[in-house]
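Subject: Structure for your review

Dear colleague,

Please find below the structure that I am handing over to you. I would be grateful if you could read it alongside the notes that come after it.

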Amino acid sequence: MEQQPKTYKKITTKVLYDMKCRGEKISMLTAYDYTMARILDAAQIDVLLVGDSASNVMAGHETTLPITLDQMIYHAQSVVRGVDRALVVVDMPFGTYQGNSKRALDSAIRIMKESGGHAVKLEGGREVKESVERILSAGIPVMGHLGLTPQSIYKFGTYTVRAKEEAEARKLVEDAIMLEELGVFALVLEKIPADLGKKVAEMLKIPVIGIGAGPHVDGQVLVTHDMLGMTKDFNPRFLRRYLDLYTEMKNAFERYRDDVKSGDFPNESESY
Ligand code: KIV
């Protein structure tokens, strides 16, 4: 049943759970810096994800793999300073939680202590079970991420839709149930068939947030720079662009350049 949005003073993991129970959809976008976080928070976006997509969007890397824990903490600190209302979730970068639950806990504790973020997100199912358990045992909220998990891009070999085949879909469902049973507070599903997104969202009590997982999940997330149209060469089917900021910004920069070159800027009223 669809409900009118309720006004929340602060978004917590409990509030997100209540939203799912009420049938109220959850809005989530990425943020990597203070200025953008302030605007997103003013727009009452429920969850800000300090995504490791910062590796692509902010640093220009081809994949999310190179970004470091220190760099993620720096981005998260900046976002946290800009937020009054939203829940801030911080991605655990590649190499900080896989295959070693002690390292996973140490990394999650550093994120929480040094950034002030409210939760961590990590990719994978049964492969990262021990890490998820150990992080949760320290009282740190964990968001899961299944489907297309970009940190495994060299295993997949392609950014195409995941879990179209029965075996992979079954594994995804089993992993989603396992993560919920372990105690994760929400789950991101990336680039999977809409029917599968619906099935998982209906099966789980925790909120399921989709990116390319169809309309029947409990909320949606996009990379902010993509939905603003700042990135030109990324055109997946799931992306809705709300602005063409690339063109808008380029035009503004060109006008500024022309004003400087012609001597029109600064004028008298812009001078002391
Ligand atoms: O890093 C990121 O931006 C993400 C979203 C795509 C969910 O993980």
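The notes below concern the ligand and the two pockets.

Please bear in mind that this is a predicted model.

Ligand site. The ligand is surrounded by Thr 30, Leu 49, Gly 51, Asp 52, Ser 53, Asp 91, Lys 121, His 145, Glu 190, Ile 211 and Val 223. By class, this shell comprises 3 nonpolar, 4 polar and 4 charged residues. Three side chains approach oxygen atoms of the ligand: an N or O atom of Ser 53 at 2.5 Å, an N or O atom of Lys 121 at 2.9 Å, and a polar atom of Asp 91 at 3.1 Å. On its own the ligand has 260 Å² of accessible area, and the protein covers 96% of it.

Largest pocket. The ligand occupies the largest pocket, which holds about 750 Å³ of space. Its lining consists of 31 residues, and those nearest the centre are Ser 53, Asn 56, Val 223, Asp 226 and Phe 234. Two or more lining residues come from each of α3 (54-57), β6 (186-190) and β8 (219-222). The lining is made up of 13 nonpolar, 8 polar and 10 charged residues.

Second largest pocket. This pocket has a volume of about 560 Å³. Of its 28 lining residues, Lys 25, Ile 26, Ser 27, Met 28 and Gln 220 lie nearest the centre. At least two lining residues are supplied by each of β1 (26-30), β7 (208-211) and β8. The lining divides into 14 nonpolar, 8 polar and 6 charged residues.

With kind regards

Note on methods. Residues are numbered from 1 along each chain as its sequence is written. This is a predicted model: local features need pLDDT of at least 70, side-chain atom pairs count only at pLDDT 80 or more; totals for chains, interfaces and linings use all residues. Side-chain values use heavy atoms; hydrogens and water are left out. A residue is near a molecule or strand if one of its heavy atoms lies within 4 Å of it. A polar contact is a pair of N or O atoms within 3.5 Å; within protein, one must be able to donate a hydrogen and the other to accept it, and residues adjacent in sequence count only if both atoms are side-chain atoms. Accessible areas come from the Shrake-Rupley method with a 1.4 Å probe; for residues, only the protein chains shown count as cover. On a 1 Å grid over the protein atoms alone, a cavity is a set of points where a 1.4 Å probe fits but cannot get out, and a pocket is an open set with protein on both sides within 12 Å along at least five of seven lines; lining residues have an atom within 4 Å of a point. A molecule sits in a cavity or pocket if more than half of its atoms lie within 2 Å of its grid points. Ala, Val, Leu, Ile, Met, Phe, Trp, Tyr, Cys and Pro count as nonpolar, Asp, Glu, Lys and Arg as charged, and the others, Gly among them, as polar. Grid points are joined across faces, edges and corners, and a volume is the space filled by probe spheres set on the points. Helices (H or I, at least four residues) and strands (E, at least two) are DSSP runs, numbered from the N terminus.
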